[in-house]
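Please look through the sequence and the structure shown here before reading on. The paragraphs that follow lead from single residues to disulfides, strands and a pocket.

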Amino acid sequence: FVFMMVSLVVVVVVFGVVALSPSSLIVIDVVGDYPPAPGSGNATCSINAQCGIPAANCPMLRDNCISLTGSCKNNHCVCAENMYGCTNCHGKAVLVRDAQDPTKFEYTTTVPMLDGSGREVNICKFPQGEHTCNDDSQCGNIGGLCLGSKCVCPDAIMCGDCTVQLNDVLYGWNCTLGNSGGGTCTTSTQCNHGTCLIDIPGQPGFCQCNPLYACSHCEANVNDVVSGKTSCKKDTTKPWLL
């Protein structure tokens, strides 16, 4: 408990507890943590990296690397902290007031959309990795890795094959509309409203889209695709990007 004085007094600290002498005290219960968002953890896993956001060294350590937000215990994901949500601990929950008791708080994975509609979306309704794969090329080409034969998505990348950015989801995008970049390129001109990122000189890179542009080669505006004015072109060379 933390004790706060209404008026100025002498403060004595004993074993980390603040004790105040006069009579008028306000007592506040400091909570160590808040309840996790419903449905957090318990996804089936075989390695730690499948439970959340993979560490930066995962491209090198592969199946031996760790997750930053969870771990695999007895073949089920356990989230590292209550602020991490979704069954595989990949989502980041936010604190809201408890609807039943406004004096309390709880974590939720339902967040406001950015399209001005006033709507909300539960990010855990979207897959966040876990598609079966044979190699990294089947996990979206925007940072997804194939670890333990499952796609593992980096932070803020969504869908089973790690093909969509969370920011696009908050504007109404979903996993069936197309991809947030990831198309093969050698120059940025091939990426329309985006940049061609080349990791290995001499090898093809992948398109990274500017904000509010999407599809494999960043050719369409997110709002236009969501509203049905246009659609993404299909990349027939990569079936997982269709």
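N42 counts as exposed, because its relative accessibility is 55% and exposed means over 50%. The model in which this residue is seen is a predicted one, and N42 is placed there in the loop between β4 (25-28) and α1 (58-61). The backbone of N42 also deserves a careful look, since the residue has a positive phi of about 85 degrees although it is not a glycine.

A second residue can be set beside this one. C159 has a positive phi of about 80 degrees, and it is not a glycine either. The place of C159 is in the loop between β15 (157-158) and β16 (164-165). Is C159 buried or exposed? With a relative accessible area of 1%, C159 is buried, because buried means under 20%.

The cysteines lead on to the disulfides, and a search of the whole structure finds 13 of them. One disulfide joins C58 to C65, with a distance from S to S of 2.0 Å. Because the torsion about the S-S bond of C58 and C65 is about 95 degrees, this disulfide is right-handed. C58 is buried, with a relative accessible area of 0%, and C65, at 2% relative accessibility, counts as buried too.

Another disulfide is formed by C139 and C151, whose sulfur atoms are 2.1 Å apart. The link of C139 and C151 is left-handed, with -85 degrees about the S-S bond. Because C139 lies in the loop between β12 (120-122) and β13 (145-147) while C151 lies in strand β14 (residues 150-152), the pair ties together parts that are 12 residues apart in sequence. Both C139 and C151 are buried.

A further disulfide is the one between C215 and C232, in which the sulfur atoms are 2.0 Å apart. The link of C215 and C232 is left-handed, with -75 degrees about the S-S bond. This pair links distant parts of the chain, for C215 is in the loop between β20 and β21 and C232 is in the segment after α3 (222-227), 17 residues apart. C215 is buried, and C232 is buried as well.

The loop that holds C215 also contains S216, which is found between β20 (213-214) and β21 (220-221). S216 is buried, with a relative accessible area of 3%. With which side chain does the side chain of S216 make a polar contact? The partner is the side chain of N179, at 3.2 Å. Helix α3 can be visited next, and V222 lies in this helix. V222 is buried, with a relative accessible area of 0%. The C-alpha atom of V222 is separated by 8.8 Å from that of P211, a residue 11 residues apart from V222 along the chain.

From here the view can turn to the strands. Strand β5 (residues 70-73) pairs with β6 in the antiparallel sense over 4 bridges, and S71 has V78 in β6 as its bridge partner. The two strands β5 and β6 form a hairpin with 2 residues between them, and in the turn N74 has a positive phi of about 55 degrees. Along strand β6 (residues 76-79) the side chains alternate, so that C77 and C79 point to one face and are buried, whereas H76 and V78 point to the other face and are not buried.

An open sheet is formed by 3 strands in the order β17-β19-β18, and the pairing in this sheet is antiparallel. Which strands are the edge strands? They are β17 (184-185) and β18 (194-197), each of which pairs on one side only. Strand β19 (residues 205-209) and β18 pair in the antiparallel sense over 4 bridges, and the bridge partner of C196 is C207 in β19.

The walk through the model ends at the largest pocket, in which about 330 Å³ of space lies. The largest pocket is lined by 14 residues, and those closest to its centre are N141, D199, P204, G205 and F206. Sorted by class, the lining of the largest pocket has 6 nonpolar, 6 polar and 2 charged residues.

Note on methods:
Residues are numbered from 1 along each chain as its sequence is written. This is a predicted model: local features need pLDDT of at least 70, side-chain atom pairs count only at pLDDT 80 or more; totals for chains, interfaces and linings use all residues. Side-chain values use heavy atoms; hydrogens and water are left out. Buried means under 20% relative accessible area, exposed over 50%, partly exposed in between (1.4 Å probe, protein chains only). A polar contact is a pair of N or O atoms within 3.5 Å; within protein, one must be able to donate a hydrogen and the other to accept it, and residues adjacent in sequence count only if both atoms are side-chain atoms. A disulfide is a pair of cysteine sulfur atoms within 2.5 Å. Two strands pair if DSSP finds at least two bridges between them. On a 1 Å grid over the protein atoms alone, a cavity is a set of points where a 1.4 Å probe fits but cannot get out, and a pocket is an open set with protein on both sides within 12 Å along at least five of seven lines; lining residues have an atom within 4 Å of a point. Grid points are joined across faces, edges and corners, and a volume is the space filled by probe spheres set on the points. Ala, Val, Leu, Ile, Met, Phe, Trp, Tyr, Cys and Pro count as nonpolar, Asp, Glu, Lys and Arg as charged, and the others, Gly among them, as polar.
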